[in-house]
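Trainee: Before I learn the terms by heart, could we go through one model together and check each term against its meaning?
Mentor: Gladly; have a look at it, and then ask.

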Amino acid sequence: MATPIERWVEEQARLTKPDKIYWCDGSEAEAHRLIEVGMKEEKIAGNPVFQELNQNNWPNAYFHRSHPTDVARTEHLTYVCHPDKEIAGPNNNWMAPEDAKSLMTKLSDGCMEGKTMYVLPYMMGHPDSPYAKACIQLTDVSYVAISMRIMTRMGKNVIEKIGDRNDFVKGLHSVGDFDPDKRFIMHFPDEHFVWSIGSGYGGNALLGKKCFSLRIASWLGYQEGWLAEHMVILGIEDPKGNITYVTAAMPSACGKTNLAMLESALPGYKVWTLGDDIAWLNVGPDGRLYAINPEAGLFGVAPSTSMKTNPNMLRTLKADKFYPTLFTNTALDTDKNEPWWEGLDGSTPKNLLDWQGKPWNSAKDTKAAHPNSRFTVSIYNSPTLSKEFDNPKGVPISAIILGGRRTKLIPLVIEAFNWQHGVFLGARTGSETTAAATHKEGVLRRDPMAMLPFCGYNMGDYFKHWLNIGKKLSHPPKIYSVNWFRTDDNGKFIWPGFGENIRVLKWIIERVNNRVSAKETPLGLIPDLEDLNVEGLNIPEDKLKKLFEINNSEWQAEFKDMEKFFNQFGKHTPAEIWQEYKTLSKRCSI
Ligand code: SAT
Ligand code: MN
């Protein structure tokens with residue numbers, strides 16, 4: 001008798017018509033074989049899927065060049081297919097599940113002809129964790145199979161774990177013919193099913209990542225009483241050896257990965273990494289909030305990664321441990337056969353191919369590496385990996401940090417008065433866009449808890465869910481808003497950022513451990529300046545004060561914008577959020 005997994009795989013194979021079906025076991029020997037297949041047999045836009053890089057300087061590293069139109073997530077082609085549009089909310093593209101399925105069935109008919117279908121059994125979370133989920137993804141390219149081996153815990157044991165259950169998480173993926181007009185990423189939250197065609201890019205194709213672990217998991221969490229969040233998880237060790245665990249949510253280009261692997265500028269302090277992208281947060285038996293990272297790898301932006309911005313990431317990328325490490329759409333130094341990107345330490349190599357494989361020189365007005373070029377590397381390679389990473393229970397969280405990029409208004413750090421106020425701080429979070437991403441600098445986009453593209457249901461209901469989780473916690477974490485990006489009158493960043501951010505983390509852990517007091521302001525609690533260690537930074541006192549300045553007249557436009565944002569969700573925006581909004585606007589009135 002066929003098992004539910006076998007039956008489901010057969011059904012998908014009848015539609016997609018692969019030449020072969022290969023069941024992955026997740027072993028290292030298999031990864032070597034699949035890399036060989038990617039180097040010798042499979043091609044994307046005429047290029048081999050993998051190219052071996054200089055193994056002396058970059059152990060286990062392989063290069064991948066994507067289809068030129070397939071370099072990032074495509075939010076406008078991403079749909080959340082709840083039966084009712086209102087459940088999806090204004091924050092999601094929506095299609096009725098039957099319509100989405102008939103469209104996808106048409107596009108998928110025979111899409112794997114001439115190819116191998118890889119069956120990938122994987123866990124999101126440690127297999128022994130009560131919070132982990134067993135999943136099966138199908139794909140038709142070795143790049144995705146290998147990437148999933150790095151990013152998740154893949155193995156045959158998952159098949160045994162699922163056994164004859166039917167409720168496993170399902171993902172059907174095909175790169176199709178990479179036609180952007182036939183590219184769709186469809187989510188069916190009630191069926192725990194993601195169906196994606198036309199793209200091989202991380203967030204569109206590694207279906208355990210944003211698609212399942214955020215969009216669908218956020219919906220599961222809403223129903224089951226937990227949170228799936230776009231957050232890093234880290235442990236901060238003080239000079240006495242005590243470790244305090246925190247999570248942090250930030251929109252892209254705000255230094256989330258750097259924070260997760262921060263190299264402390266303060267002696268005696270150390271950061272331990274548990275995750276750089278996703279946290280699942282559950283209420284533990286002791287009334288505290290526990291975090292696990294469902295992933296097992298890091299999928300980070302290469303440009304700007306250097307020994308200055310993130311030395312621990314470079315150490316991770318060079319570690320000779322987990323096989324393999326991938327570089328996607330970086331430039332190639334052809335003399336050394338090494339990956340290269342803008343911002344990497346050292347001088348620009350003489351002979352470079354750009355991310356599309358064309359000779360490049362620095363006189364050109366283009367970037368050699370694609371701005372969204374990526375590395376895919378196992379978290380086990382990280383020298384800062386927390387010893388709690390594999391703890392099935394997760395780690396107890398003492399502080400939740402919510403950040404954005406704001407040149408004005410938002411102080412360096414604020415502590416929320418209480419959980420409800422903290423949820424409001426997260427809900428109002430906005431970030432200014434950077435030139436690299438949009439060509440329009442300084443445009444403010446609201447991105448609550450950095451979840452706007454990833455919340456798989458109505459964001460108004462999501463705020464309510466956060467408020468409800470707070471009620472279940474007898475020892476809730478304190479909530480903080482941070483902003484590393486405030487500028488002075490000349491438009492220069494006041495705060496040095498990077499490893500110096502430990503100074504803010506130090507204040508936060510002193511607060512949660514009741515070691516320092518704080519000053520009340522209309523926005524929340526801020527440090528007494530003598531409690532913020534700025535020794536050696538040479539920030540003049542007037543500038544330091546500017547980091548915390550509240551200018552009521554500047555806030556008026558902010559209130560209008562917030563109101564417009566919260567109004568979008570209509571009756572779904574909780575009364576508590578409006579209450580916090582009104583209290584704050586009254587306190588900051590002119
Ligand atoms: O969506 S991905 O995980 O591929 C990258 C991102 O964070 O945008
Ligand atoms: Mn992310």
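What follows is a conversation about how parts of this predicted model earn their names.

Trainee: How do you know which stretches of the chain belong to which domain?
Mentor: The bounds come from a domain assignment, which gives domain 1 as 4–44 + 73–225, domain 2 as 228–296 + 387–575, and domain 3 as 299–381. The centres of domain 1 and domain 2, taken over C-alpha atoms, are separated by 31 Å.

Trainee: What makes domain 1 and domain 2 count as being in contact?
Mentor: Contact asks for heavy atoms within 4.5 Å, and 37 residues from domain 1 and 34 residues from domain 2 take part in the contact. The two domains also bury about 3,000 Å² between them, with 56% of that area on carbon and sulfur atoms.

Trainee: Why is the pairing of Glu86 with Lys571 called a salt bridge?
Mentor: The term needs a side-chain nitrogen of Lys or Arg within 4 Å of a carboxyl oxygen of Asp or Glu. Glu86 and Lys571 meet at 2.9 Å, N to O, so the pair fits the definition. Between domain 1 and domain 2 the count is five salt bridges, while the structure holds 31.

Trainee: Which elements supply the side of domain 1 that touches domain 2?
Mentor: At least two residues each come from α3 (85–88), β7 (116–124), α5 (142–151) and α8 (208–224), and α8 gives the most, with 11 residues. By type, the residues of this side divide into 16 nonpolar, 12 polar and nine charged.

Trainee: What makes Lys210, His230 and Asp277 donors of the manganese ion (ligand 2)?
Mentor: A donor here is an N, O or S atom within 2.8 Å of the metal. The atoms concerned are NZ of Lys210, NE2 of His230 and OD of Asp277, at 2.0 to 2.2 Å, so they qualify as donors. Along the chain these donors follow the spacing K-x19-H-x46-D. Lys210 lies in helix α8 and Asp277 in the loop between β16 (270–275) and β17 (279–283), 67 residues apart, and the pair links distant parts of the chain.

Trainee: How do you know that Lys209 and Asp277 form a salt bridge?
Mentor: Their side chains meet at 2.8 Å, N to O, and the limit is 4 Å, so the name applies to Lys209 and Asp277. This pair too links distant parts of the chain, with Lys209 in helix α8 and Asp277 in the loop between β16 and β17, 68 residues apart.

How values were computed
Residues are numbered from 1 along each chain as its sequence is written. Chains are lettered from A and ligands numbered from 1 in the order in which they are written. This is a predicted model: local features need pLDDT of at least 70, side-chain atom pairs count only at pLDDT 80 or more; totals for chains, interfaces and linings use all residues. Side-chain values use heavy atoms; hydrogens and water are left out. Domain bounds come from an automatic or database domain assignment. Buried area is the accessible area (1.4 Å probe) that two parts lose on being put together, summed over both. Helices (H or I, at least four residues) and strands (E, at least two) are DSSP runs, numbered from the N terminus. Ala, Val, Leu, Ile, Met, Phe, Trp, Tyr, Cys and Pro count as nonpolar, Asp, Glu, Lys and Arg as charged, and the others, Gly among them, as polar. Donors are N, O and S atoms within 2.8 Å of the metal (3.2 Å for Na, K and Ca); water is not among the atoms, so sites may look incomplete.
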